[in-house]
Amino acid sequence: MNPGTILLLFVFAYFIGLLVISYFTSRNSDNQSFFIGNKKSKWWLVAFGMIGTSLSGVTFISVPGTVGKMTAGDYAFGGFEYYMMVIGFFIGYFIVAGVLLPLYYRMNLTSIYTYLGKRFNVEAHKIGSLFFIISRAIGATARLYLVVNILQIFLLEALGVPFWVTAFVLLLMILLYTFEGGVKTIVITDTLQTSFMILSLFACIFYILSNLNLSFGEAYSILEQKQYTHFINTDINSKTFFLKTILGGMFITIAMTGLDQEMMQKNISVDNLKNSKKNMLTFAGTLLFVNLAFLFLGGLLYLFAIQNGAGYGKYPEIVDGVRTLKDGFGFFKPNGEVNNIMGDDLFPALSLLGYFPMALSVIFIIGLISALFPSADGALTAVTSSYCVDLLGLNEDQQKTEKQKKRLRMKVHLTFTVVFFALIMVFKAINEKSIVYLIMEIAGYTYGPLLGLFAFGILTKFTIVKKYSILAVTLLAPVLTYLINLYVTNNTDYRIGVELIILNGFLTFVGLWLVRSKKLEVA
């Protein structure tokens with residue numbers, strides 16, 4: 001039996017395990033089980049499971065790849081510079097725990113966008129939900145594409161399996177084990193998946209250290225000499241300048257966690273506010289350590305690759321039908337070109353092309369699948385919940401029976417699975433090589449209006465009564481953000497990076513201030 005078949009058998013066995021868990025957790029489930037787990041989730045289970053949701057395939061694959069100096073779009077990054085964003089994340093989690101969680105528990109929300117409806121009007125409620133659905137669908141499918149593409153390139157292409165079949169089967173797996181239980185199921189499955197992801201991370205670190213005959217300290221010293229460990233980018237014009245990366249990371253966390261139904265759906269499934277805060281802060285502290293471990297692994301992967309014959313050279317790339325040679329890092333061919341393995345290709349190339357022993361390749365593939373499922377199952381459940389609760393008003397519908405509501409919710413769940421599949425195929429067409437910063441840039445445009453809406457609601461006492469004014473502001477702000485970004489890029493040396501979300505949120509806030517009601521105020 002060839003190695004690829006063995007690895008696929010492990011993937012299949014892993015999925016069967018998820019289905020078994022789903023069967024037991026979804027028995028006697030109802031819509032409230034699906035939406036918020038009947039508010040019976042244990043805080044420590046949610047905290048641990050959220051690590052997997054937050055990390056996803058982007059951290060598992062892309063973050064180690066960022067350590068080697070490379071370019072993705074206008075981003076030039078390397079070393080441990082990504083950790084400045086992680087510090088921003090950490091600060092952001094404290095703001096979420098201190099400001100947003102108390103608000104959600106005080107209002108006893110199933111969907112966090114209900115706050116916008118109560119604070120402003122129905123228009124704000126539906127717009128908030130719509131921006132979340134768009135944001136989460138794009139972000140989740142970008143992460144899904146990353147993992148699906150790796151499975152396709154390194155395992156399934158050789159077996160003649162088309163990319164669309166791989167994507168379809170994986171989405172079908174996710175649909176099957178989330179169809180009934182929703183949040184009640186994924187709180188348990190995410191915990192299992194996080195465990196496998198972290199096991200894979202540390203197994204790979206210890207194997208490479210052993211193979212290179214290095215201690216932690218010795219490996220870090222070598223990485224330092226090769227300039228793989230620098231944390232701070234002091235070039236203020238760079239997209240990864242450390243201060244704006246920290247600020248951008250902080251606001252990304254506030255928006256992508258605190259204003260995100262998927263992440264908050266799990267938090268508000270905890271029985272009380274005190275335990276929910278424990279979950280959030282425990283999770284925040286753990287992420288500091290785990291992300292640093294992923295960056296350390298990234299440095300080790302480059303050392304391991306160099307030890308096994310990799311280096312810098314020319315690799316072929318087809319641009320507009322013309323074959324060109326570009327500088328890259330990879331394994332040399334006899335003609336002097338390289339098999340490029342920069343960025344997202346580095347970790348899977350070493351794990352699945354025979355450089356690691358089979359046992360470690362199995363651990364890697366299980367870790368990779370474990371990184372895929374938490375980001376996809378929670379997103380699929382959350383967009384279904386938001387659509388049903390916010391846009392269809394399923395909780396307030398007195399005319400439908402519980403059975404009719406459940407049937408409608410399942411139809412919505414199935415529909416979004418099809419939407420996710422279509423978006424994965426779009427990302428396949430785009431074929432971005434390093435996706436971590438692409439996701440952050442997309443988030444800047446889609447989560448910015450949510451940031452501005454919630455900030456205006458929490459920080460001011462004004463309301464908005466003019467019809468369609470909120471819609472106009474939340475559509476105009478991202479367009480203005482894009483135009484400003486385009487102007488700055490074309491006319492200055494400065495590059496707007498992850499602080500894009502701050503600009504977008506600020507423009508939304510200013511727009512809402514201009515259309516506010518000057519007579520009506522919230523008491």
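On a 1 Å grid over the protein atoms alone, a cavity is a set of points where a 1.4 Å probe fits but cannot get out, while a pocket is an open set with protein on both sides within 12 Å along at least five of seven lines; lining residues have an atom within 4 Å of a point. Grid points are joined across faces, edges and corners, and a volume is the space filled by probe spheres set on the points. The model examined here is predicted, with local features needing pLDDT of at least 70 and side-chain atom pairs counting only at pLDDT 80 or more, whereas totals for chains, interfaces and linings use all residues. Residues are numbered from 1 along each chain as its sequence is written, and side-chain values use heavy atoms, leaving out hydrogens and water.

To start with the overall picture, the protein holds 19 helices and five strands (DSSP runs numbered from the N terminus, with H or I of at least four residues for helices and E of at least two for strands). Of its 523 residues, 58% are buried (under 20% relative accessible area with a 1.4 Å probe and protein chains only; exposed is over 50%, partly exposed in between).

Turning to the enclosed spaces, the structure has three cavities of 30 Å³ or more. The second largest cavity offers about 50 Å³ of space, and its lining includes Ser135, Arg136, Met256 and Tyr447. Both α6 and α16 (436-446) give two or more residues to this lining. Five nonpolar, three polar and two charged residues make up the lining of the second largest cavity (nonpolar being Ala, Val, Leu, Ile, Met, Phe, Trp, Tyr, Cys and Pro, charged being Asp, Glu, Lys and Arg, and polar the others, Gly among them).

Next come the pockets. The second largest pocket contains about 340 Å³ of space; of its 16 lining residues, Phe251, Ile254, Leu451, Ala455 and Leu459 are the closest to its centre. Helix α17 gives the most to this lining, with six residues. The lining of the second largest pocket has 14 nonpolar, two polar and no charged residues.

Finally, valine 161 sits in the loop between α6 (122-156) and α7 (163-178). Valine 161 is partly exposed, its relative accessible area being 23%. Apart from neighbours within four places in sequence, valine 161 is in contact with Gln152, Leu156 and Thr166 (contact meaning heavy atoms within 4.5 Å).
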